[in-house]
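Here is a short tour for the bench, covering a helix pair, a buried helix face and the cysteines. Have a look at the fold before reading on.

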Amino acid sequence: MNPIQTSLPILGFAAWSGTGKTTLLEAMLPKLVELGIRVAVIKHAHHNFDIDKEGKDSYRLRKAGAGQMLISSRYRRAMITETPEEEATLPQLIAELDLNALDLILVEGFKQLSFPKIELHRKEIGKPWLFPEDSNIIAVAANVAAQTKLPQLDINDLDKLTQFVADFAKQQSAPSLSCSDLDPSGMLSVSEGRDRILRQIVAPTAQTSVELKSALGQIVATDILSPVNVPQHTNSAMDGYAVRSDDLGRDSYHVVAQVMAGHSYDKPLNGGEAVRIMTGAPVPQNADTVIMREQASQNGDSVTFDLKMGAIKPGQNVRQAGEDLAIGQAAVKAGTQITAPELGMIASLGLDSVAIRPPVKVAIFSTGDEVQHPGEAQKQNCIYDSNRYTLHAMLSKIGCEVVDLGIIEDSEQALETTLRTAAEQADLILSSGGVSVGDADYIKTVLDKLGQINFWRINMRPGRPLAFGHIDTTPFFGLPGNPVAVMVTFMQFVEPAIRKLQGMTDWQAPFYNAVAEEKLRSRPGRTEYSRGVFGIDANGRLTVRSAGKQGSGILRSMSEANCLIEILPEQPGVEVGEKVRVIPLENRI
């Protein structure tokens with residue numbers, strides 16, 4: 001869709017929560033109408049809402065499955081559109097207005113977009129000015145003087161403020177707004193956001209020692225050097241007969257001994273002699289070749305070999321001392337996660353303990369007055385907290401200790417207390433919901449007070465809003481509120497940071513390339529993550545298809561998926577048969 005071009009002026013109101021934006025608009029609108037100005041108001045809500053009443057026909061029809069519900073009467077009409085997959089952009093909302101019947105569009109919210117705004121400010125709120133960081137503010141309405149050359153109005157002088165808006169409506173023309181909710185040029189790419197985060201994560205130095213049986217899943221703190229050769233002795237790789245390679249070609253050999261694993265033949269092997277030997281037993285001095293038992297025929301102390309079963313090659317079936325590991329060689333590198341093979345390797349060196357990085361301790365909490373605990377009777381307009389349980393599981397899966405701080409109410413004091421507690425108890429803080437600089441702007445105030453936090457817009461879907469920084473010296477992540485967006489942003493940004501905190505400096509998430517079984521949509525220039533199902537088709541190809549509806553609140557599709565389909569910014573979409581990147585979800589969620 002092309003940018004919207006209209007002759008209508010668009011004016012926004014930028015203010016901290018509690019300043020009274022809606023109250024002011026409510027008082028101003030009748031005065032604008034008296035001046036003959038036809039006004040539309042667009043308000044952005046940061047929480048879920050429902051303007052329909054339960055039990056009404058329109059409500060029942062929507063709940064039955066109508067994606068769009070249009071209700072009309074003699075005096076008014078209303079369109080209710082479900083948007084589970086993606087929130088409408090401001091240009092899309094403007095396009096739904098009857099522009100021919102309007103003179104002015106007033107906007108409450110969408111303050112990250114570039115269009116003219118009036119800043120509303122009250123000294124008693126105790127918040128900083130917005131105009132120094134927002135070049136789109138054209139005037140300030142306050143009850144205290146501001147250090148600015150912008151026009152200044154008394155926020156309590158409704159008549160003068162209304163006249164300023166009316167003059168704006170008559171003199172200004174509307175800005176051209178991109179139909180993208182936010183201009184991608186002002187966003188960070190996924191890789192840029194991840195790189196910025198990782199540059200601010202400090203690799204650990206602390207270490208502790210644990211018994212080998214307790215080391216599974218832990219991260220090795222320092223290189224584990226082999227104190228011995230592995231194997232310790234040159235030994236037989238199979239059951240058979242050890243001979244000298246410079247003595248091959250005889251018709252028969254005299255068997256001088258039998259060597260079992262754990263024992264040895266301590267005499268040099270002479271010409272014409274052979275030793276019957278078992279797998280793992282050390283080969284005698286001078287012996288360097290083992291002929292498998294199936295190729296041998298022993299009669300008393302004499303053995304012959306059937307060359308029809310294969311030629312005998314010098315050095316065959318013998319493992320040299322130190323072939324796996326030489327003394328002083330790194331058996332397991334620092335930063336390695338210990339799995340069953342590493343446990344076996346360390347045990348083979350004779351070690352019964354290992355130095356590891358202490359588990360990363362992560363404090364988690366959810367925010368929002370609309371969020372409540374599972375098990376409680378559901379309150380009206382509230383939702384059960386799923387994000388904290390999802391994050392707890394994902395953190396536990398990658399070896400973190402979790403400090404669950406519960407649900408934090410929408411208040412400045414509660415958030416400040418929680419963040420201070422979290423910074424004292426944890427190595428990393430993780431919240432979900434309420435961090436996308438919106439009406440609950442006290443969040444930004446608290447974060448700025450306690451540390452340095454960046455609010456980023458990541459050019460991805462789902463999961464665009466992301467907050468990252470430090471509370472004192474403790475890294476802080478603020479994730480979106482939508483359940484799927486929480487999981488996607490965790491995998492793309494939080495897990496790489498945790499892996500670095502664990503000491504895994506070169507950690508990379510696995511991915512594959514698969515053939516698309518269906519057309520996959522994407523917006524050019526944006527990284528798109530869709531839930532998918534991949535597998536092997538009848539031709540042995542790795543293929544992938546969508547797991548169903550892709551709304552960022554639809555948890556069921558995440559449960560049914562076994563991968564994320566990652567459509568890169570340079571891909572305008574994926575046609576049937578084209579290659580696309582898939583990120584397996586096994587062992588990650």
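## How two helices cross

Helix α1 passes α4 in a right-handed crossing. On the α1 side, the contact is made by Leu24, Ala27, Met28, Lys31 and Leu32. On the α4 side, Leu158, Asp159, Leu161, Thr162, Val165 and Ala166 make the contact. Please keep in mind that this is a predicted model.

Two packed helices are described by the angle between their axes and the distance between the axes. Here α1 spans residues 21–34 and α4 spans residues 158–171, and their axes come within 10 Å and cross at roughly 65 degrees. The two helices are therefore roughly perpendicular to each other, since angles of 65 to 115 degrees count as such.

## The buried side of α5

Which residues of helix α5 are buried? In this helix, made of residues 190–200, they are Val190, Gly193 and Ile197. Around the axis they cover an arc of only 70 degrees, so they lie on the same side of α5.

These buried residues have several packing partners along the chain. Among the strands are β26 (451–457), β27 (460–461), β28 (465–471), β29 (474–479) and β31 (527–536). Helix α10 (483–501) is also one of the elements they pack against.

## Cysteines

A disulfide is a covalent bond between the sulfur atoms of two cysteines. How many disulfides does the structure hold? The count is 0.

Are cysteines 400 and 563 buried or exposed? Cysteine 400 is buried, at a relative accessible area of 9%, and cysteine 563 is buried too, at 0%.

Technical notes:
Residues numbered from 1 in each chain as written. Predicted model: local features only at pLDDT ≥ 70, side-chain atom pairs only at ≥ 80, totals over all residues. Heavy atoms only, no water. Buried < 20%, exposed > 50% of the residue type's maximum accessible area, 1.4 Å probe, protein only. Helix = DSSP H or I, 4+ residues; strand = E, 2+ residues; numbered from the N terminus. Arc of directions from axis to C-beta. Contact = heavy atoms within 4.5 Å. Disulfide = S-S within 2.5 Å. Axes fitted to C-alpha atoms, helices over the stretch in contact; angles between N-to-C directions. Parallel < 35°, antiparallel > 145°, perpendicular 65-115°, else oblique. Left-handed = near helix turned anticlockwise from the far one by under 90°.
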